[in-house]
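Student: I am new to this structure and would like to walk through it with you. Could we put it on screen and start?

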Amino acid sequence: MHRTLGYMLTWTTYGTWLQGDERRYVKDGTILPANRPLAIDNEEQLTKDAVILTVNQRKAIETAIRTKANKIGQKLYAISVDCRHVHIVVDYTTTDIGLIVRYYKMAGQTALRKGGFSGRLWTKGFDKRFCFDEKSLCGRINYVNKQSRLKN
């Protein structure tokens with residue numbers, strides 16, 4: 001049995017990374033290849049425009065996630081809020097990881113609503129990558145930190 005040290009969690013903004021996307025996509029933890037007919041079908045089902053976050057919105061979401069992590073006592077190793085998705089690396093918790101992600105998504109959404117945002121912000125679901133050892137944990141932290149530097 002593996003001991004989990006932490007997780008890399010990723011979720012996207014509404015409409016920005018649909019199933020079938022040419023960049024590949026994740027479904028039920030499996031990375032799947034592009035599927036243009038599926039992507040087109042998903043695009044047609046969107047009920048509003050895709051959400052692309054501004055710099056100020058990204059900063060507000062990052063602050064909200066950091067605050068929530070502190071409030072629930074979870075160590076946040078790394079965070080990158082991009083215009084289309086969020087990556088975080090957090091320590092292991094016995095709390096259901098789906099509930100933890102909902103906390104973070106809600107924190108970001110609440111922060112944006114205070115600034116006047118309305119409508120759907122996040123896609124349903126999230127991706128999780130387990131960190132079973134120091135090497136994988138450090139690798140995921142470095143990956144997220146690199147993403148954060150690339151956007152600045």
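Student: Which residues of helix 3 does helix 2 meet?

Tutor: Happy to start there, with a word on the source: this is a predicted model, where local features need pLDDT of at least 70, side-chain atom pairs count only at pLDDT 80 or more, and totals for chains, interfaces and linings use all residues. Residues are numbered from 1 along each chain as its sequence is written, and side-chain values use heavy atoms, with hydrogens and water left out. Helices (H or I, at least four residues) and strands (E, at least two) are DSSP runs numbered from the N terminus, and contact means heavy atoms within 4.5 Å. From helix 2, Gln57, Ala60, Ile61, Ala64, Ile65, Lys68, Ala69 and Ile72 meet Ile100, Tyr103, Tyr104, Ala107, Gly108, Ala111 and Leu112.

Student: How many residues of this contact are nonpolar, polar and charged?

Tutor: Ala, Val, Leu, Ile, Met, Phe, Trp, Tyr, Cys and Pro count as nonpolar, Asp, Glu, Lys and Arg as charged, and the others, Gly among them, as polar. Sorted in this way, the contact of helix 2 with helix 3 divides into 12 nonpolar, 2 polar and 1 charged.

Student: At what angle do the axes of helix 2 and helix 3 cross?

Tutor: Axes are lines fitted to C-alpha atoms, for helices over the stretch in contact, and angles run from 0 to 180 degrees between N-to-C directions. Helix 2 covers residues 55–72 and helix 3 residues 97–114; their axes come within 8 Å and cross at roughly 135 degrees.

Student: What is that arrangement called?

Tutor: Angles under 35 degrees count as roughly parallel, over 145 as roughly antiparallel, 65 to 115 as roughly perpendicular and the rest as oblique. The crossing is at roughly 135 degrees, so helix 2 is, relative to helix 3, oblique.

Student: Which element gives the most residues to the largest nonpolar core?

Tutor: A nonpolar core is a set of buried Ala, Val, Leu, Ile, Met, Phe, Trp, Tyr and Cys residues joined through side-chain atoms within 4.5 Å; buried means under 20% relative accessible area, exposed over 50%, partly exposed in between (1.4 Å probe, protein chains only). The largest one has 23 residues, and Leu9, Trp11, Ile65, Ile88 and Tyr104 have the most contacts inside it. Strand 1, helix 2, strand 4 (76–81), strand 5 (85–91) and helix 3 each supply at least two of its residues. The most, 5 residues, come from helix 3.

Student: How many residues make up the second, separate core?

Tutor: Among the members of this second core are Met8, Ala78, Val89 and Cys131. Its total is 8 residues.

Student: Is Ala69 buried or exposed?

Tutor: Ala69 lies in helix 2. Leaving aside neighbours within four places in sequence, Ala69 is in contact with Gln74, Leu76 and Tyr104. With a relative accessible area of 1%, Ala69 is buried.

Student: Where does Thr4 lie, and which residues does Thr4 touch?

Tutor: Thr4 belongs to the segment before strand 1 (6–12). Its relative accessible area is 15%, so Thr4 is buried. Not counting residues up to four places away in sequence, Thr4 touches Tyr92, Phe130, Cys131 and Phe132.

Student: What does 37% relative accessibility make Arg23?

Tutor: Arg23 sits in the loop between strand 1 and strand 2 (25–27). Beyond residues up to four places away in sequence, Arg23 touches Thr16, Trp17 and Arg84. At 37%, Arg23 counts as partly exposed.
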